[in-house]
Amino acid sequence: MSADNCSGDVTVSLQNLLNSLQCIRDRVRDGESNESDGAFNLSNFWDTLNQAVKPVSQEATKLSLAFSKPPLPSQQDTEKLSESMMKSILTLSTVYYWLPKSQGMSLRRQVRNATVEVLEEVCQLVEVILNSPLQSLSQEQLTSTGGVWSACERFAQLPRDNKAAVLVVLSSQTGVVKDALEEIEQALSEAQDPFNDVLDDDLDGDDPRGNQDTYWSERDREVIGPCQGLMKASAACLRKMTSAVKANGDVGTPQNVAQLDDLADITKEISPGVDDLALCLYPPMDYSGVENNVSKLAVLLKKVLEIVRSSHVCGESELAWVQFLDGAVGHNLQKAKELIEQGS
C-alpha cells in the first residue's frame with residue numbers, strides 16, 4: 001500500500017498495529033509462563049488454545065481482504081480491523097502463558113515456538129500490506145496470508161504432553177544423525193584413489209599420485225571405521241531411547257516430567273557432535289581433529305547413557321542395551337585412538 005494510495009491516518013493505524021504485534025511477539029519469545037499453585041488441567045488448556053488460534057486466522061483473512069482491492073478502508077474501519085486483530089492475538093498469547101513449566105520445558109518450548117510463528121506471520125502480513133500497492137491483491141500478500149493460515153493449522157499437530165514433546169525432539173535428532181551417517185557411507189562408497197589401479201612404476205614425476213587431498217588413503221579408511229562405529233552407536237542410542245520413552249515415559253509426577261526434559265536436552269547435543277566428527281573425516285583428514293571429536297562424542301554418549309540409566313524410562317530390558325552401547329562406545333573410542341597413534 002504505497003503512500004499515494006493510502007491516507008496517512010490509515011497508514012498510522014496499520015503501523016501502530018505492527019508495532020504492537022512486534023512487542024507481543026518479543027514478549028512471548030522471551031517471557032516466562034505464569035506459575036500457579038492451583039491444579040492445572042492440560043486437557044482444558046488444549047481446548048482453550050485451539051479455540052484461541054482460530055480467530056487469529058479469521059482476523060488475518062479479514063485484514064488481508066480489506067486491503068486487497070479498492071476502495072481503501074476508512075481510518076475508522078482500519079482501526080476496527082486492527083482492534084479485532086489485536087484482540088485475537090492477545091487472547092492467543094494469554095492462553096499460551098497459562099502453560100506452566102511444571103508441565104515440561106520441552107512441551108512449553110514447542111507451544112511457544114508455534115505461538116511465536118503465528119505472531120511472526122501476522123507481523124509479516126501487516127508489513128506486506130503496508131508496503132504493497134493497493135491496485136490488486138499481490139502474490140506476496142496471498143502468500144503471507146497463507147503463511148498465517150499454515151502457522152495456525154500447525155497447532156493441531158503439536159504434542160499434547162511432555163512425553164510426546166520429547167519424542168518429537170528424539171525423532172528430529174534421529175533424522176539428522178541418520179542423514180550424517182548415510183552421507184559418509186555414500187562418500188566412502190564413491191570415493192577412491194584415482195590411481196589405485198595404476199602401478200606406481202608407470203607414473204612419472206616426484207609426486208606421481210597427484211593431489212591426495214581429494215581422496216582417502218588406506219590409513220584414513222582404517223581410522224574412519226571406528227568413527228563410523230561411534231556414529232552408528234549414536235543412531236542406535238537415539239532409536240533405543242525413543243522406544244524406551246514410548247514404552248515407559250510418564251508425565252504423572254514432576255520428577256518424571258523433569259527427567260524427560262533432561263533426556264531431550266542432552267540428546268540435542270548428539271547430532272552436532274556427530275556432524276562435527278563427520279566433517280573432519282573428509283579428505284584431507286585432520287587426525288588431531290578426528291581424535292578430538294571422537295573423544296567429545298564418546299564422552300557425550302556415555303553421559304546420555306548414564307542419564308537414561310538413572311531415569312524412569314530405563315527398566316530391566318533397557319538396561320541391557322544401555323550396557324551394550326556403553327561398551328560399544330568405549331571400544332570404538334579406544335580403536336580410533338590406537339589407529340591414529342599408530343600412524344603418528
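Before we start, a word on helices: here a helix is a DSSP run of H or I, at least four residues long, numbered from the N terminus. With that in hand, Glu 182 sits in helix H6, which spans residues 162-190. One caveat up front: what you see above is a predicted model.

Okay, the overall layout. The protein chain has 11 helices and 0 strands. Read from the N terminus, the order of elements is α-α-α-α-α-α-α-α-α-α-α. There are 344 residues in the chain, and 45% of them count as buried.

Back to Glu 182, then. Which residues gather with Glu 182 in a patch on the surface? They are Asp 179, Glu 183 and Glu 185, and the patch is one of negative charge. Is Glu 182 itself buried or exposed? Somewhere in the middle: its relative accessible area is 40%, so we call Glu 182 partly exposed.

Next, salt bridges. How many does the structure hold? The count is 8. I'll walk through a few of them.

Take Arg 154 and Glu 117, whose side chains meet in a salt bridge at 2.2 Å, N to O. Arg 154 is in the loop between helix H5 (139-153) and H6, while Glu 117 is in helix H4 (residues 105-131), so this pair ties together parts that are 37 residues apart in sequence. As for accessibility, Arg 154 is partly exposed with a relative accessible area of 40%. Glu 117 also counts as partly exposed, at 25% relative accessibility.

Now a local one. Glu 306 makes a salt bridge with Arg 309, and the closest N and O atoms are 3.3 Å apart. Both residues are in helix H10, 3 residues apart, which is about one turn of the helix. Glu 306 has 43% relative accessibility and counts as partly exposed. Arg 309 is partly exposed too, at 30%.

Some of these bridges share partners, and that gives a network joining Arg 25, Asp 26, Arg 29 and Glu 120. Zooming in on part of that, the side chains of Arg 25 and Asp 26 meet at 3.1 Å, N to O. Why does Arg 25 count as buried? Because its relative accessibility is 17%, and the cut-off for buried is under 20%. Asp 26, at 31%, counts as partly exposed. So here a buried residue is bridged to a partly exposed one.

On to the aromatics. How many aromatic pairs does a search of the whole structure find? It finds 4. One of them is Phe 45 with Trp 46, an edge-to-face pair with 5.5 Å centre to centre and 70° between the planes. Phe 45 and Trp 46 are both buried. Bring in Phe 40 and you have a cluster: ring pairs link Phe 40, Phe 45 and Trp 46.

Now for the prolines, if you want to scroll along. Where do we find cis peptide bonds? One joins Pro 70 and Pro 71, with omega about 0°. Pro 71 is in the loop between helix H2 (42-66) and helix H3 (75-98). Another cis bond joins Pro 283 and Pro 284, and there omega is about -5°. Pro 284 is placed in the loop between helix H9 (270-279) and H10. So each of these stops is a Pro-Pro step: Pro 70 to Pro 71, and Pro 283 to Pro 284.

Last topic: residues that are separated in sequence, and how far apart they are in space. Ala 258 lies in helix H8, residues 254-267. How many residues separate Ala 258 from Ser 102 in sequence? The gap is 156 residues, yet C-alpha to C-alpha they are 8.1 Å apart in space. Ala 258 is partly exposed, with a relative accessible area of 36%.

The other example takes us back to helix H10, residues 287-309, where Gly 289 lies. Gly 289 and Leu 277 are 12 residues apart in sequence and 8.2 Å apart in space, again C-alpha to C-alpha. Gly 289 is buried, at 13% relative accessible area.

That's my tour. If you open the model afterwards, I'd start with the Arg 154 and Glu 117 bridge, then go to the cluster of Phe 40, Phe 45 and Trp 46.

Key. Residues are numbered from 1 along each chain as its sequence is written. This is a predicted model: local features need pLDDT of at least 70, side-chain atom pairs count only at pLDDT 80 or more; totals for chains, interfaces and linings use all residues. Side-chain values use heavy atoms; hydrogens and water are left out. Patches are made of residues with over 30% relative accessible area and no salt bridge: like charges are joined within 9 Å, nonpolar side chains (Val, Leu, Ile, Met, Phe, Trp, Tyr) within 5 Å. Accessible areas come from the Shrake-Rupley method with a 1.4 Å probe; for residues, only the protein chains shown count as cover. A salt bridge is a side-chain nitrogen of Lys or Arg within 4 Å of a carboxyl oxygen of Asp or Glu. Lys and Arg count as positive and Asp and Glu as negative; His and the chain ends are not counted. The place of a charge is taken as NZ of Lys, CZ of Arg, CG of Asp or CD of Glu. Helices (H or I, at least four residues) and strands (E, at least two) are DSSP runs, numbered from the N terminus. Buried means under 20% relative accessible area, exposed over 50%, partly exposed in between (1.4 Å probe, protein chains only). Rings of Phe, Tyr and Trp (its six-membered ring) pair if their centres lie within 6.5 Å; planes under 30 degrees apart count as stacked, over 60 as edge-to-face and the rest as tilted.
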